[in-house]
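Me: Please take a close look at the salt bridges in this structure. I am new to it, so explain the terms along the way.

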Amino acid sequence: MISMELLFMCFPLMEDRFWKDFLYRVTGEPDRTYLFAKLTDFWQMIPESPSKDYAKQYAYFHLTYPSVDADPELTSEKGQEYYIWRTSRAYREQKRAYDRRLSEFRSKLILL
């Protein structure tokens, strides 16, 4: 299930053509079950990419219990996984791709 934190993190990853449809469907909708279904759809509409991989990894390490943030020494098994990811080439590529999408998204918002 997608959390609010992950939703906001994923805004820059959504292709422009899906934004109107998503917002049209959820705006003013009080049915929690329907909203969660649309959030799942939102996640699935994001194309697979290094930037989406970054969001997945970030959610796993920071938003899923137990969070690595609660283990500053990274002594747990998850902490060790996090350290390996953070020092990997994949992390650098994923982070760079995510930052690029974030920058593009923010520049579009300035125009609104």
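Reply: What follows describes the salt bridges and the residues that form them. This is a predicted model, in which local features need pLDDT of at least 70 and side-chain atom pairs count only at pLDDT 80 or more, while totals for chains, interfaces and linings use all residues. Residues are numbered from 1 along each chain as its sequence is written, and side-chain values use heavy atoms, with hydrogens and water left out.

The structure holds 10 salt bridges, a salt bridge being a side-chain nitrogen of Lys or Arg within 4 Å of a carboxyl oxygen of Asp or Glu. One of them joins aspartate 41 to lysine 38, with the closest N and O atoms 2.6 Å apart. The two residues are three apart in helix α3 (residues 32–45), which puts about one helical turn between them. Helices are DSSP runs (H or I, at least four residues), numbered from the N terminus. Lysine 38 is buried at 15% relative accessibility, whereas aspartate 41 is partly exposed at 29%. Here buried means under 20% relative accessible area, exposed over 50%, and partly exposed in between (1.4 Å probe, protein chains only).

In helix α4 (residues 50–63), lysine 56 and aspartate 53 are also three residues apart, or about one helical turn. Their salt bridge has an N to O distance of 3.9 Å. Lysine 56 is partly exposed at 34%, and aspartate 53 is partly exposed at 28%. Both belong to a network of salt bridges that links Glu48, Lys52, Asp53 and Lys56.

Glutamate 93 pairs with arginine 89 in a salt bridge, at 2.9 Å between the closest N and O atoms.
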